[in-house]
Amino acid sequence: MKIGLRLLLSYALILALAAWFVLTVFVAEVKPGVRATLEDSLVDTAQLLAQLVSDDVNQAGASGQLSQALMLQRLQQISARQMDVEISGVHKKSLDYRVYITDARGIVIFDSSGRDLGKDYSRWNDVYLTLRGQYGARSTRTDAEDENSTVMHVAAPIYANDTQQAQTTPRRIIGVLTVAKASAAIRPFIERSQYKILQRSFWLLIATLLIGIGFSWWLNRSLQKLRHYVVAVERNEKINLPKLGQHEIGELGLALEHMRHQLEGKQYVETLMHTLAHELKSPIAAIQGSAELLSEDPPAAERSKFLHNIIEQNQRQKQLIDKLLALIKVEKQQQLSQVSEIDIVDVLDQVLIDFSDAIARKNLRIKFEVQTHILQGDPLLLRQAIGNLLDNAIAFSPHGAEIHLHQQVDNEHFTLFIDDQGSGIPDYAIAKIFERFYSLPRTDAAKSTGLGLPFVREVISLHGGEVSLENLAESGVRVKLQLTLV
């Protein structure tokens, strides 16, 4: 499993657990919170009404006749009052309060609903506790099977108007006023609050998840870029360090790039010095041998032969060093320094002009079947690379043979073929033909430096193309050079 997917799954799991915990707590706390708010409002209402009706209850005295009390008459008429109020999206059409009053024995002497007059409520907690000077409240279901039928009752004491009572003596309770409100009246507010919490939590969860996906994608993309770079370096491909940003991954990429340059530089120098020393042994030995023979004052004919050998071997060293420097330059490049549009026919015409003398010396025929196509690249490097390929075709072709330049084109690629009529590449050399300093003996030609084909491969790689050699069925070698069209 990829690290980006692992991070995303871990993030999603943590997010799901956090969301479950938060939503559970929030949703669970909504109902108790609303009920606590309701109870608080009922406490205030009960205390207020108890104070307002205290005079009427005191005047009624032991008779318990409150029907003539103006305040209580108005209180009884409240249930019939109509209204049209919208509270947080919930419409309220009528009052939901029920008010009843009991005397000091707990007998109902007033009921705004009018249904329980004369009943004994002395055992109900709201009345029982209040008569004893405590906070009295209860929640009772009107239907034992229905949780939503709960009614909350909050009571307040009604005190006697005893003006002679000492201030230090507890006030005498002559009755209890209870305010009742059904929980069903607040259920719409609870449900709306829960819905709002769940809805906004859902969108918050989606937004947070999208942020997590975006972060995981960004992290995975950066790691994939770095991984692709490391794999390409391992395969010895030409590649630049991708842009990773100013963060830890970017710093890691820069460190890897620096380490790569140090290791490649050290290994490259060691390999180069070893191969160069090996390749220079032969011309140096030939020059030294000819010089020693010249010191013995040989005849003029032999002296001329030895001098020619010294000049030839010195020229070979110069050619070897020049080609090696050119190869080093393209090998160290990770991308083309100059890019322009190139007409492949113009490049081939220039190459044929460069090698016109060599073609004429061997009386070779050039069959040219390439049409104009536009490529992008470095015209000088491409001219040198194709020149090396044509030089090989000329060197290995017999006198009077034909070199065929032709093409194959599709939607994206231009492929150049260079066919010669030489002896072909031996099977043992196919796998090593692009190795540095590896060369095959040429007919009627000086020994090659073995640096031409490695140079071609590096140049074509810089152009994002491919080059390969294969033997033709009849005779000769086909060079296949594939480049990308503009």
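Which elements of the protein chain have the lowest and the highest mean pLDDT? Helix α5 (residues 248-294) has the lowest, 61, and helix α3 (residues 125-131) the highest, 93. Here pLDDT is the predictor's confidence in each residue, on a scale from 0 to 100. The structure is a predicted model, in which local features need pLDDT of at least 70 and side-chain atom pairs count only at pLDDT 80 or more, while totals for chains, interfaces and linings use all residues. Residues are numbered from 1 along each chain as its sequence is written, and side-chain values use heavy atoms, with hydrogens and water left out. Over the protein chain the average pLDDT is 77, and 70% of the residues score at least 70.

The protein chain has 11 helices and 14 strands. These elements are DSSP runs numbered from the N terminus, with helices being H or I runs of at least four residues and strands E runs of at least two. Of the 486 residues, 37% count as buried; buried means under 20% relative accessible area, exposed over 50%, and partly exposed in between, with a 1.4 Å probe and protein chains only. Contact is defined as heavy atoms within 4.5 Å. Among contacts between residues at least 6 apart in sequence, 64% join residues at least 24 apart.

One open sheet consists of five strands in the order β4-β3-β7-β6-β5, with antiparallel pairing. Two strands are taken to pair if DSSP finds at least two bridges between them. The edges are occupied by β4 (108-111) and β5 (137-141), each of which has a single partner strand, so one side of each is left without a neighbour in the sheet. From one strand to the next, the twist averages 25 degrees. Within this sheet, β3 (residues 97-103) and β7 (residues 173-182) are joined in the antiparallel sense over seven bridges, and Tyr 97 has Lys 181 in β7 as its bridge partner.

The loop between α3 and β5 contains Gly 136. This glycine counts as buried, at 0% relative accessibility. Gly 136 and Ala 155 are 19 residues apart in sequence, and their C-alpha atoms are 5.4 Å apart in space. With residues up to four places away in sequence not counted, Gly 136 touches Asn 125, Asp 126, Leu 129, Thr 130, His 153, Val 154 and Ala 155.

A second group of five strands forms an open sheet in the order β9-β11-β12-β14-β13, and here the pairing is mixed. β9 (365-369) and β13 (466-471) stand at the edges with a single partner strand each, so one side of each lacks a neighbour in the sheet. Neighbouring strands are turned by 15 degrees against each other on average, direction ignored. Strands β13 and β14 (residues 477-484) run antiparallel and are joined by six bridges; the bridge partner of Ser 468 in β14 is Lys 480. Helix α7 (residues 344-354) packs on the sheet, where α7 touches β9, β11 (402-409) and β12 (413-419), and its direction makes about 175 degrees with that of β9. Such angles run from 0 to 180 degrees between N-to-C directions, with axes as lines fitted to C-alpha atoms, for helices over the stretch in contact.

Phe 417 lies in β12 and is buried, with a relative accessible area of 8%. Leaving aside neighbours within four places in sequence, the contacts of Phe 417 are His 404, Leu 405, His 406, Gln 407, Gln 408, Arg 478, Val 479 and Lys 480. The C-alpha atoms of Phe 417 and Leu 481 are 6.4 Å apart, with the two positions 64 residues apart in sequence numbering. In the loop between α8 (356-361) and β9, Asn 363 has a positive phi near 55 degrees, in a residue other than glycine. Asn 363 is exposed, with a relative accessible area of 56%.

The axes of α9 (residues 379-396) and α11 (residues 452-462) come within 9 Å and cross at roughly 145 degrees. Residues of α9 including Leu 381, Leu 382 and Gln 384 meet residues of α11 including Gly 452, Leu 453 and Phe 455. By class, this contact has nine nonpolar, four polar and no charged residues; Ala, Val, Leu, Ile, Met, Phe, Trp, Tyr, Cys and Pro count as nonpolar, Asp, Glu, Lys and Arg as charged, and the others, Gly among them, as polar. Helix α11 is mostly covered, with nine of its 11 residues buried, among them Pro 454, Glu 458 and Leu 462. Just after α11, Gly 464 takes a positive phi of about 75 degrees.
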